[in-house]
Amino acid sequence: MAGTLYLVPTPIGNLGDISQRCRDTLAQADFIAAEDTRVSLKLLNHLELKKPLVSYYEHNQAESGPKILQRLLAGETCALVSDAGSPAISDPGEGLVALCAQAGVPVCAIPGPCAVITALSVSGLPTGRFTFEGFLSTNRKSRTDHLDSLRAEQRTMVFYEAPHKLLHTLEDMAAVFGETRRISLCRELTKLHEEILRTTLGEAIALYRETPPRGEFVLVVEGAEAPPAQQATLEEAVALVAALMEQGRSRKDAAKEAAAQTGFSKNALYSASMEG
Ligand code: SAM
């Protein structure tokens with residue numbers, strides 16, 4: 001019978017955040033797959049655990065993943081850890097979980113520290129619906145395309161960012177979302193210098209131009225405002241186009257005016273008025 005892959009979250013700063021279940025799982029695993037074995041060794045020393053470690057990280061996962069899978073298929077139990085937080089969330093793990101799922105190997109995720117959820121819950125912004133966007137690409141075009149795709153996003157958006165790229169990212173966000181858009185900058189969560197700055201994109205830019213940012217950040221950005229509710233029906237909006245045309249306006253102008261008054265798109269009203 002195949003063993004189980006356990007996804008074990010580790011502290012994102014405060015070592016007290018490791019749970020009893022995570023300790024027990026690490027203690028009972030046959031081996032631990034770690035993003036950086038030196039980082040995980042420090043945690044294991046703190047927990048007074050000795051375990052065989054194998055490395056599983058972004059640049060070796062193509063070779064390391066199948067080897068770990070073979071051991072699982074042979075009946076061993078593996079605990080997967082990343083440097084900090086939840087494995088598979090902007091960290092190695094996604095590929096290994098997919099391999100196990102495909103091969104019918106059981107995967108068990110243990111809940112625990114995760115920077116996205118910690119930041120979102122303390123942000124003060126709406127949490128009912130949110131979207132996690134991970135890191136923006138360093139490639140100019142993908143970065144712009146990514147932000148453009150979020151222009152009308154109404155859900156709260158959560159991003160990870162490195163301190164040396166933060167100012168540039170805030171400037172790019174302000175260009176798309178506007179300087180008055182609210183943002184919560186969650187810095188050094190669970191650590192000694194934890195700080196939650198609830199402000200606007202424009203004010204955050206002014207601040208970090210003066211004082212370069214330091215530490216780890218999660219950015220929680222308010223979603224876009226909902227477009228005004230459509231009050232009129234399509235028939236009423238088309239009737240308005242006809243009425244405006246009777247007053248001497250061109251179809252294009254009438255559709256534009258009716259669109260502004262009713263919330264329908266001008267192209268939709270233009271086409272519908274031709275059919276009616
Ligand atoms: N898998 C991890 C998780 O979900 O918690 C995240 C790993 S990702 C490679 C690292 C990013 O998470 C950092 O660049 C930062 O954006 C965020 N992060 C991790 N720990 C943090 C902390 N203590 N305070 C603020 N942000 C943190």
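**A walk from helix α6 to the sheet, the cores and the pocket**

R140 is found in helix α6, which covers residues 140-149, and this residue makes a convenient starting point in what is a predicted model. Leaving aside residues up to four places away in sequence, R140 touches H168 and D172. With Q70 the picture is another one, for R140 and Q70 are 70 residues apart in sequence and 40 Å apart in space, taken from C-alpha to C-alpha.

From here we can turn to the sheet. Strands of a sheet pair through backbone hydrogen bonds, and they do so either parallel or antiparallel. In this model there is an open sheet of five strands, whose order is β6-β7-β10-β8-β9 and whose pairing is mixed. Because β6 (130-135) and β9 (195-200) stand at the edges with a single partner strand each, one side of each is left without a neighbour in the sheet. From one strand to the next, the twist averages 20°. The edge strand β6 pairs with β7 (residues 156-161) in the parallel sense, over five bridges, and within these two strands T131 stands opposite M157 of β7. Packed on the sheet is helix α5 (residues 115-122), which touches β6, β7, β8 (182-187), β9 and β10 (217-221), and whose direction makes about 130° with that of β7.

The next step is to look at the nonpolar side chains. In soluble globular proteins, such side chains tend to be buried together. The largest nonpolar core here has 20 residues, and those with the most contacts inside it are F159, L170, M173, F177, L185 and L219. Two or more residues of this core are given by each of β7, α7 (163-177), β8, α8 (201-210) and β10, and the largest share, six residues, comes from α7. To follow one member of the core, take L185, which touches, among others, L166 and L170, I196 and L197, A204 and Y208, and also F217, V218 and L219, when residues up to four places away in sequence are not counted. Another core, of 14 residues, lies apart from the largest one, and among its residues are C22, A29, I32 and L49.

Finally, where does the largest pocket have its lining? Both β7 and β10 supply at least two residues each to that lining, which is made up of 23 residues, with A84, A115, F135, Y160 and E216 lying nearest the centre of the pocket. The space in this largest pocket comes to about 480 Å³.

Note on methods
Residues numbered from 1 in each chain as written. Predicted model: local features only at pLDDT ≥ 70, side-chain atom pairs only at ≥ 80, totals over all residues. Heavy atoms only, no water. Pairing = 2+ DSSP bridges. Helix = DSSP H or I, 4+ residues; strand = E, 2+ residues; numbered from the N terminus. Axes fitted to C-alpha atoms, helices over the stretch in contact; angles between N-to-C directions. Contact = heavy atoms within 4.5 Å. Core = buried A, V, L, I, M, F, W, Y, C linked by side-chain atoms within 4.5 Å. Buried < 20%, exposed > 50% of the residue type's maximum accessible area, 1.4 Å probe, protein only. 1 Å grid on protein atoms, 1.4 Å probe; cavity = no way out; pocket = protein on both sides within 12 Å on 5 of 7 lines; lining within 4 Å. Points joined across faces, edges and corners; volume = space filled by probe spheres on them.
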